[in-house]
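Good morning, and thank you for coming. I would like to take you through one structure, moving from its sheets to its helices.

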Amino acid sequence: MTIEVPHIPWQRAVFCNRTLNLRSIKAIGYDMDYTLVQYHVVEWEELAYGYAKKRLLEQGWPVESLVFDPELMIQGLIVDIELGNLIKANRFGYVKTVFHGSHPLDFDQQRKIYDRTLVDHRDGRFVFLSTMFSLSEACLFAQLVDLWDAGNLPAVLSYADLYSRVRATIDDQHREGRLKEEVARNFERYVEIDPTVCETLLDQRDAGKKLLLITNSDWLYTRAVMQYAFDSFLPQGMTWRDLFDVVIVSARKPDFFSSRSPLLEIVDDTLLREVSSDLISGTVYFGGNAALVERHLGLTGAQLLYVGDHFFGDVHATKITLRWRTALVVREIEGDIKAEEDFADKQCKLDELMREKEDVERQYCHVRMLWQRLRKGRGGEDAKAFKQTVDELRGKLENLDHRIAPLAQASSRLSNENWGPLMRAGNDKSYLANLVERHADIYMSRVSNLYLETPFAYFRSARGTLPHDAPRRSAV
Ligand SMILES: [Mg+2]
């Protein structure tokens, strides 16, 4: 029997940093928001922005004319709260692109400020925007920096003070639950349905893997959104609850992975009961901690996989503290890959021109050095001829730069006009890409990308490249 293996579009592939054999994974824990359940980002962030703006208006801030701009910020940027800047850095922490408020800084301004500064997200001066939920916050902060610079926010003491006020305003909206109440009233507008996620989880469950839902969202919201996103797409008589061995809500990740927080059982919608015993399959819990999960499953470390979208909330602590295997959902890479595919011909042209430039540069350096020796009386050749060649090569380089510049600029603006692709900073990997590489064993744009891979997939990391790798010879 010949089986046709389905083609997986590159945008929907699973990308591997560290080899992971799904067959050796006995249990998979899932985050919910932006992991199992995808939202329409612009609608959601516009809502969050609107609530925060309303709160600021109530406090007398002059923000009537501000409008959410979904293109102004992307995930993975870093806020410099001392200077009111937003930064994209490369994998080493070198600053590559800077906005002060909502305006870009040119190269010279940027160099003057950050010449001696390496960005490090552990430094209190920098705040890393690690989820989609950060977009409204970053946009609002940038616009308020403009207002503060113009002298329109007299009560604010500094950029750091401004950032903490924006953060508190956004956090209040989340804490008070108004956003989710609004989303729950209108799931059609905010939730993106993907029935393949249900198939993916069914396959994993049928392959013998224990599935867990571990979310920071509260029980009432979790139940409502999971019902909406899952129940209609499951076999007759089955609900989302049947997919999961254990459901843990209000988990307080990332503390969940390292703390010994007490476990409460949700008895009905409002009643919580403290639990002193171990977890019981089929139950919904409030809080608790990862050690209880490991004890319940009788599994540790590399037998568990945790899948989430929040770099620090889901993946970082899980990897550092527990050594669970980790998968990160990065929705934007679909757009980045599509933009790079559309740009592929121009990228080939750019690469070709860069190779030509390198050749001409080498010739230029060499001829210039020979000419220098001649001028110092260390050669017998014709000085005039050398000078002419130096000038010709310089002209060639200028011509090449002229052709390269628009292509290089277009390449750096792929996907987002202001910041370019999420995982790249110029030719290098971005700061975010470096964190993903270090802490996420695999990453993908959606959980349903695991569907075509099956629960038996063996993800192998590619052989890492090094600058000193010899050029590969093609097979004869
Ligand atoms: Mg999430």
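I begin with one pair of residues: His100 stands opposite His103 in β8. Please keep in mind throughout that what you see is a predicted model. The strands concerned here are β7, which covers residues 95-100, and β8, and the two pair in the antiparallel sense over two bridges.

Let us widen the view from that pair. β7 and β8 belong to an open sheet of five strands, whose order is β8-β7-β6-β5-β9 and whose pairing is antiparallel. The edge strands are β8, at 103-104, and β9, at 126-128, and each of these pairs on one side only.

I turn now to a second sheet. How many strands does this open sheet with mixed pairing have? There are ten, arranged in the order β1-β20-β17-β16-β3-β11-β12-β15-β13-β14. At its edges stand β1 (14-16) and β14 (272-274); each has a single partner strand, so one side of each is left without a neighbour in the sheet. On average, and with direction ignored, neighbouring strands of this sheet are turned by 25 degrees against each other.

Two regions of this sheet deserve a more detailed look. In one of them, strand β17 (residues 325-329) runs parallel to strand β20 (residues 442-444), and three bridges join them. Within this pairing, Leu328 has Tyr443 of β20 as its bridge partner.

The other region is centred on Leu264. Strand β13, residues 263-266, is joined by three bridges to strand β15, residues 283-287, and the two run antiparallel. Here Leu264 stands opposite Phe286 in β15. β13 also pairs with β14, again in the antiparallel sense and over three bridges, and in that pairing Leu264 stands opposite Glu274. The connection from β13 to β14 is a hairpin of five residues.

Let me move on to the helices. Helix α3 (residues 134-149) packs against helix α4 (residues 159-175) at an angle of about 140 degrees, and their axes are 10 Å apart. Is this arrangement oblique or roughly antiparallel? Angles have to be over 145 degrees to count as roughly antiparallel, so α3 is oblique to α4. The crossing of these two helices is right-handed. On the α3 side, the contact is made by Ser136, Glu137, Leu140, Phe141, Leu144, Val145 and Trp148; α4 contributes Tyr159, Leu162, Tyr163, Val166, Arg167 and Ile170. Sorted by class, this contact has ten nonpolar residues, one polar residue and two charged residues.

A second helix pair is formed by α1 (residues 41-58) and α5 (residues 178-185), whose axes come within 10 Å and cross at roughly 135 degrees. That angle makes α1 oblique to α5, and the crossing is right-handed. Leu47, Ala48 and Tyr51 of α1 meet Arg178, Leu179 and Glu182 of α5. By class, there are four nonpolar, no polar and two charged residues in this contact.

I close with helix α12, which has 32 residues, 344-375. How far apart are its end C-alpha atoms? At 1.5 Å a residue the helix should span 46 Å, and its end C-alpha atoms are 46 Å apart, which agrees. After α12 comes Gly377, whose phi is positive, near 80 degrees.

Thank you for your attention.

Key: Residues are numbered from 1 along each chain as its sequence is written. This is a predicted model: local features need pLDDT of at least 70, side-chain atom pairs count only at pLDDT 80 or more; totals for chains, interfaces and linings use all residues. Helices (H or I, at least four residues) and strands (E, at least two) are DSSP runs, numbered from the N terminus. The expected span of a helix is 1.5 Å times one less than its number of residues. Two strands pair if DSSP finds at least two bridges between them. Axes are lines fitted to C-alpha atoms, for helices over the stretch in contact, and angles run from 0 to 180 degrees between N-to-C directions. Angles under 35 degrees count as roughly parallel, over 145 as roughly antiparallel, 65 to 115 as roughly perpendicular and the rest as oblique. A crossing is left-handed if the near helix is turned anticlockwise from the far one by less than a right angle, and right-handed if clockwise. Two residues are in contact if their C-beta atoms, placed from the backbone, lie within 7 Å. Ala, Val, Leu, Ile, Met, Phe, Trp, Tyr, Cys and Pro count as nonpolar, Asp, Glu, Lys and Arg as charged, and the others, Gly among them, as polar.
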